[in-house]
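Student: I have this one open in front of me. Can you walk me through it?
Tutor: Fine, ask away.

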Amino acid sequence: MAKEKILVIGASGQIGVELTLALRKIYGDAQVVASDLREENSLLKGTGPYVSLDVMNKEMLHVQVIRQNVTQIYLLAAILSATGEKNPGLAWHLNTQSLLNVLDIAREENLHKVYWPSSIAVFGPTSPKQLCPQQTIIEPTTVYGISKYAGEFWCKYYNQRFGVDVRSLRYPGLISYKSAPGGGTTDYAVEIFHEALEEKKYTSFLDENTYLPMMYMPDAIKATIELMEADAAKISVRTSYNLGAISFSPKEIAAEIKKHIPDFTIDYKPDYRQQIADSWPQSIDDSVARKDWGWQHEYDLSRMTEDMLNNLQFQ
Ligand code: NAD
Ligand code: AKB
């Protein structure tokens, strides 16, 4: 089989940095080209090729795909939920046009595979709150959720109509220590660790009992790679797979942190992001992903908390 050459778009972001490093371990450093509008993340420097790229410039993207002999694209560039509400037109434009650019080029150049993440943000206030199923009422109320839901159907359309092997996961809120989150509603669950270590106190922008579906980054990277490596015959969902791991509230994560930092305190000042969080489910039923390609998460709240604090302490 021909060697894969992977282009990661949005490689300097929260997921991009860790996914690029993980892909380089599997496919070889030279086989994974990192790209972003931003400058190269310091953790990527010296680990493999980097190109400066605006995914909205389709011609430039097409040239890079041909020049680098790209066979797979991981598209991570997007505007997330909280930032999206500040500029809905821009969020819609970037989130949908970037995907269409990539899918078109994938079709024209017969790329082997495309990865594009969706989000639990596709669900809205009319979806079930607990163990939200793969197929259910989906009426998103944020522009981010609307763009993700539309994107899911573009993926399915390009798969069915043109045979593009595009795969997708509905990530929950992701928690990580290597690169900062990029403007989401679940970002509090990353900020809290930094503030706990630096200030021993944190003011949460979500109310104490706001439960949301969450996942530690190593699990998200594992899921992404497992989905992309799964036999195509096992992929029954061509919109996007529900993906779950843990569910907790600001009060619960604060209590977990307090076990390690006893004088840590938290208070609550909900802002506009509360309304976004309230529109989402509290937990996700990911049984289809578990059945189709054997998804299993590894990190629970206590293991994640311990690992986050250990790693941030020595950074
Ligand atoms: P992020 O904001 O941290 O990173 C996105 C990257 O895309 C940034 O480095 C940004 O510079 C880059 N980018 C923006 N516009 C670009 C353009 N025009 N051309 C090239 N690059 C551009 O986001 P993330 O958290 O890493 O999310 C990656 C993907 O995963 C997104 O599609 C997001 O919706 C999805 N997702 C993330 C989470 C999460 O909790 N992080 C949860 C669900 C889904
Ligand atoms: C956000 O909060 O916008 C993201 C997501 C759940 O998609 N973390």
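Student: How many salt bridges does the count come to?
Tutor: The count is 10 salt bridges, a salt bridge being a side-chain nitrogen of Lys or Arg within 4 Å of a carboxyl oxygen of Asp or Glu. This is a predicted model, where local features need pLDDT of at least 70, side-chain atom pairs count only at pLDDT 80 or more, and totals for chains, interfaces and linings use all residues. Side-chain values use heavy atoms, with hydrogens and water left out.

Student: Which residue forms a salt bridge with Arg170?
Tutor: Glu152 does, and the closest N and O atoms of the two are 2.7 Å apart.

Student: Where in the chain are Glu152 and Arg170?
Tutor: Glu152 is in helix α5 (residues 143-162) and Arg170 in strand β8 (residues 169-171), so numbered from the N terminus as DSSP runs (helices H or I, at least four residues; strands E, at least two). The pair links distant parts of the chain, 18 residues apart.

Student: Switching to domains. What does the assignment give?
Tutor: Domain 1 covers 6-170, and domain 2 covers 174-214 + 245-313. The bounds come from an automatic or database domain assignment.

Student: How many residues does each give to the contact?
Tutor: Domain 1 gives 28 residues and domain 2 gives 26, with contact meaning heavy atoms within 4.5 Å.

Student: What area do the two domains bury?
Tutor: About 2,300 Å² between them, 58% of it on carbon and sulfur atoms. Buried area here is the accessible area (1.4 Å probe) that two parts lose on being put together, summed over both.

Student: Which domain 1 residues lose the most area to domain 2?
Tutor: Gln14, Ile120 and Lys129, which together make up 29% of what that side buries.

Student: How many salt bridges are there between domain 1 and domain 2?
Tutor: Zero. The rule does find 17 residue pairs in polar contact across that interface, both residues at pLDDT 80 or more. A polar contact is a pair of N or O atoms within 3.5 Å; within protein, one must be able to donate a hydrogen and the other to accept it, and residues adjacent in sequence count only if both atoms are side-chain atoms.

Student: And ligand 2, what surrounds it?
Tutor: Its surroundings include Ser81, Ser119, Tyr144, Thr185 and Trp280, each with a heavy atom within 4 Å of the ligand.

Student: Which N or O atoms lie by its oxygen atoms?
Tutor: A side-chain N or O atom of Ser81 is 2.5 Å from an oxygen atom of ligand 2, and one of Ser119 is 2.6 Å from an oxygen atom of the ligand. From Thr185, a backbone N or O atom lies 2.7 Å from an oxygen atom of ligand 2.

Definitions and conventions:
Residues numbered from 1 in each chain as written. Chains lettered and ligands numbered in written order.
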